[in-house]
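Welcome! Here are some exercises to work through with the structure open beside you. Try each task before you read its solution.

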Amino acid sequence: PLRVQTPVVPSSCASTNSSTQVSNTTLTPAGILCFSKAVTLSNVTLNAGTYVFENGVTLSGVTSGSGGTTLDVNAGSLDITSNTTLTLVAPTSGPYNGIALMQPASNTNQINIQKGSSNASITGIIYAPKAELYLNDNGGAVSLVSDLIVDTLFIKASTLSISSYSAANPTTTPLRAVSLVE
């Protein structure tokens with residue numbers, strides 16, 4: 001399996017946000033930003049950094065993270081409301097090199113990055129070895145430049161494009177060999 005830094009524990013957070021709703025803003029973590037409660041991010045720009053969700057996260061509106069953003073769903077689930085646009089670009093160096101979205105093996109909750117007429121564009125590895133990645137839409141689209149390390153994959157998508165992150169980023173990928181395991 002992919003060797004990544006152990007998921008962040010609350011004591012290593014540079015700062016903790018206890019909000020349950022964050023809307024219409026730009027977040028810039030000074031290191032690792034942890035959300036201690038289940039939170040909804042709506043129309044939020046995530047500047048480069050690591051965002052840890054200790055009790056799940058719901059994304060709505062336009063949520064974008066570019067230039068090195070990692071979402072770590074330590075506990076709870078990641079869910080997207082209908083008509084959401086999600087854009088993530090993983091870092092190309094550091095402890096979460098290549099990881100756009102991660103969920104530790106202890107978290108078996110489903111990851112939903114497409115629902116209804118939502119759109120998603122993710123560049124980076126999705127690492128959730130014990131979770132289902134759920135892609136179900138009604139007119140949206142998903143574009144993944146990703147290597148998927150998930151337990152199961154549910155696809156019922158109108159438009160889906162998946163290409164390998166490792167092939168697109170051979171000098172920075174943390175993966176050395178990619179294989180399908182049943």
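A residue is called buried when its relative accessible area is under 20%, exposed when it is over 50%, and partly exposed in between. Keep in mind that you are looking at a predicted model.

**Exercise 1: Two stacked rings**

Task: Find the aromatic pair formed by Phe35 and Phe53, and work out how the rings are arranged and where they sit.

Solution:
- Step 1. A pair of aromatic rings is described by the distance of the centres and the angle of the planes.
- Step 2. For Phe35 and Phe53, the centres are 5.1 Å apart and the planes differ by 10 degrees.
- Step 3. Planes under 30 degrees apart count as stacked, and this pair is indeed stacked.
- Step 4. Now place the rings: Phe35 belongs to strand 3 (residues 32-35) and Phe53 to strand 5 (residues 49-53), so the pair links distant parts of the chain, 18 residues apart.
- Step 5. Both Phe35 and Phe53 are buried.

**Exercise 2: A second pair**

Task: The structure holds two aromatic pairs. Why is the pair of Tyr134 and Phe154 called stacked?

Solution:
- Step 1. The ring centres of Tyr134 and Phe154 are 4.7 Å apart, and their planes meet at 15 degrees, so this pair is stacked.
- Step 2. Because Tyr134 lies in strand 13 (residues 125-136) and Phe154 in strand 15 (residues 148-156), the pair ties together parts that are 20 residues apart in sequence.
- Step 3. Check the surroundings of each ring: Tyr134 has a relative accessibility of 19% and therefore counts as buried.
- Step 4. Phe154 has a relative accessible area of 31%, which means that Phe154 is partly exposed.

**Exercise 3: Positive phi**

Task: Look at the backbone of Asn24 and of Asn43. What is the sign of phi in Asn24, and is Asn24 buried or exposed?

Solution:
- Step 1. Recall the background: most residues other than glycine have a negative phi.
- Step 2. Asn24 is not a glycine, yet its phi is positive, at about 50 degrees.
- Step 3. Asn24 belongs to strand 2 (residues 21-27), and with 61% relative accessibility Asn24 counts as exposed.
- Step 4. Asn43 also has a positive phi, near 55 degrees.
- Step 5. Asn43 sits in strand 4 (residues 39-46) and is partly exposed, with a relative accessible area of 33%.

**Exercise 4: Two strands and their faces**

Task: Which residues of strand 7 are on each side, and which face of strand 14 is covered?

Solution:
- Step 1. In a regular strand the side chains alternate between the two faces of the sheet.
- Step 2. Strand 7 (residues 69-73) has five of its five residues buried. Thr69, Leu71 and Val73 are on one side, Thr70 and Asp72 on the other, and both faces are covered.
- Step 3. Look at the partners of strand 7. Strand 5 runs parallel to strand 7 and is joined to it by five bridges; Thr50 has Thr70 as its bridge partner.
- Step 4. Strand 10 (residues 99-102) also runs parallel to strand 7, with two bridges, and Leu71 stands opposite Leu101.
- Step 5. In strand 14 (residues 141-145), Val142 and Leu144 make up the covered face, while Ala141, Ser143 and Val145 make up the uncovered one.
- Step 6. Strand 14 is joined in parallel to strand 12 (residues 119-123) by five bridges, and Ala120 stands opposite Val142.
- Step 7. Strand 14 also pairs with strand 16 (residues 159-163) in the parallel sense over five bridges; there, Leu160 is the bridge partner of Val142.

**Exercise 5: The cores and a buried glutamine**

Task: Which residues touch the most other members of the largest nonpolar core, and where is Gln103 found?

Solution:
- Step 1. The largest nonpolar core has 32 residues, and Phe35, Leu41, Leu78 and Ile113 touch the most other members.
- Step 2. Strand 13 gives the largest share of this core, five residues.
- Step 3. Another core of seven residues lies apart from it, including Tyr96 and Met102.
- Step 4. Gln103 is in the loop between strand 10 and strand 11 (111-114). With 0% relative accessibility, Gln103 counts as buried.
- Step 5. A polar atom of the Gln103 side chain lies 3.0 Å from the backbone oxygen of Asn107.

How values were computed
Residues are numbered from 1 along each chain as its sequence is written. This is a predicted model: local features need pLDDT of at least 70, side-chain atom pairs count only at pLDDT 80 or more; totals for chains, interfaces and linings use all residues. Side-chain values use heavy atoms; hydrogens and water are left out. Rings of Phe, Tyr and Trp (its six-membered ring) pair if their centres lie within 6.5 Å; planes under 30 degrees apart count as stacked, over 60 as edge-to-face and the rest as tilted. Helices (H or I, at least four residues) and strands (E, at least two) are DSSP runs, numbered from the N terminus. Buried means under 20% relative accessible area, exposed over 50%, partly exposed in between (1.4 Å probe, protein chains only). Two strands pair if DSSP finds at least two bridges between them. A nonpolar core is a set of buried Ala, Val, Leu, Ile, Met, Phe, Trp, Tyr and Cys residues joined through side-chain atoms within 4.5 Å. A polar contact is a pair of N or O atoms within 3.5 Å; within protein, one must be able to donate a hydrogen and the other to accept it, and residues adjacent in sequence count only if both atoms are side-chain atoms.
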